[in-house]
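Biologist: I should like to learn how features of a fold are read from a model. May we take them one at a time, with the general idea before the particular case?

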Amino acid sequence: MLLLLFDIDGTLVAGATEAHREALHRALREVHRIPAPETLRPSVDPAGRTDGEIARLILLLAGVPARDIDDGADAVREACCREYARLCPPDLSRFVLPGVPSLLESFSADERFALALLTGNFEPIARLKLARAAGLGKHFPSRQGAFGSDTEDRTELPAIARRRAGRAGAPFPRKRTVVIGDTPLDIACARADGVHAVAVATGPYDVRDLGDADAVAADASELAGVLRALAA
């Protein structure tokens, strides 16, 4: 069996970030009383980062001391998830990338694969986002995967996901684990744990930018072929 660890934004859905961004900004203003984050310069590129890392970078730009950032991390996470639940549109299906529903249906039904999430989103946000994105969340079981609420450091997420997928106290094997994402940071987190990295050029980076992956797919259709080849 292969453990397939899917990123969300740019990999399964694209463009469903407005409510997420606003929820995080509201949380930062509420907890740390900073100016509107969108007015800070330079701006923070969120691609491939965890919610906690994005929050930290914004707060550092605003001059918030590192100790205060650490002390307020739980409050920021809770406020962000609460705000997202209020702001998230009831239907995100228009943001689902072409071919993703059929890919997940096919691989969920194939006993050679186990699916889980590996995302920088805080877990409640990830679960709600996919529940409202044409029901994609049904393919990703609870108590599996790894999220930005587990750690701020994305490079630690694959090991967390492998522990949750393991049995008898042994993590799921590295050689049978695949991280699937759309940014160089997704590739880097796979490399940090010594697992396979497969990239999809459906986010902000093109195929040339993702060349450090073991394989790069242009879209969900190509991704399906890549994953089946790995299983073989």
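Biologist: How many of the five residues of strand β3 are buried?

Modeller: This is a predicted model, and in it five of the five residues of β3, residues 177-181, are buried. The strand is therefore largely enclosed by the rest of the structure.

Biologist: Which residues of β3 point one way, and which the other way?

Modeller: In a regular strand, side chains alternate between the two faces of the sheet. Here Thr177, Val179 and Gly181 point one way, while Val178 and Ile180 point the other way. Residues of both sets are buried.

Biologist: Which strands are joined to β3 by bridges?

Modeller: Strands of a sheet pair through backbone hydrogen bonds, and the pairing is either parallel or antiparallel. Strand β1, residues 2-6, runs parallel to β3 and is joined to it by four bridges. Strand β4, residues 196-200, is also parallel to β3, and four bridges join these two. Val179 can serve as a reference point: Leu5 stands opposite it, and Val179 in turn stands opposite Ala197 in β4.

Biologist: What unit do β3, helix α8 and β4 make?

Modeller: Together with α8, residues 184-193, the two strands make a right-handed β-α-β unit.

Biologist: In what order do the five strands form the sheet?

Modeller: The order is β2-β1-β3-β4-β5, in an open sheet with parallel pairing. Its edge strands are β2 (113-117) and β5 (215-217), each of which pairs on one side only. On average, neighbouring strands are turned by 25° against each other, direction ignored. Between β1 and β2, which run parallel, there are five bridges, and Leu5 stands opposite Ala116 in β2.

Biologist: Which helix lies across β1, β2, β3, β4 and β5?

Modeller: Helix α9, residues 220-231, lies across these strands and runs at about 150° to β1.

Biologist: How many aromatic pairs does a search of the whole structure find?

Modeller: A pair of aromatic rings is described by the distance of the centres and the angle of the planes. The search finds two such pairs. In one of them, the rings of Phe6 and Phe140 have centres 6.0 Å apart and planes at 70°, so the pair is edge-to-face. Phe6 lies in β1 and Phe140 in the loop between α6 (123-131) and α7 (157-165), so the pair ties together parts that are 134 residues apart in sequence. Phe6 is buried at a relative accessible area of 0%, and Phe140 is buried at 4%.

Biologist: Where does Gly48 lie, and is it buried or exposed?

Modeller: Gly48 lies in the loop between α1 (18-32) and α2 (51-61). Its relative accessibility is 13%, so Gly48 counts as buried. Leaving aside residues up to four places away in sequence, Gly48 touches Arg154, Thr183 and Leu185. Gly48 and Gly181 are 133 residues apart in sequence, yet their C-alpha atoms are 8.3 Å apart in space.

Biologist: How many disulfides does a search of the whole structure find?

Modeller: The search finds zero disulfides. Cys80 is in none, and its nearest cysteine sulfur, that of Cys81, is 5.6 Å away. A disulfide would require the sulfur atoms to be within 2.5 Å. Cys80 counts as buried at 0% relative accessibility, and Cys81 also counts as buried, at 16%.

Notes
Residues numbered from 1 in each chain as written. Predicted model: local features only at pLDDT ≥ 70, side-chain atom pairs only at ≥ 80, totals over all residues. Heavy atoms only, no water. Buried < 20%, exposed > 50% of the residue type's maximum accessible area, 1.4 Å probe, protein only. Contact = heavy atoms within 4.5 Å. Pairing = 2+ DSSP bridges. Right-handed = clockwise from strand over helix to strand, strands pointing away. Phe/Tyr/Trp six-rings, centres within 6.5 Å; stacked < 30°, edge-to-face > 60°. Axes fitted to C-alpha atoms, helices over the stretch in contact; angles between N-to-C directions.
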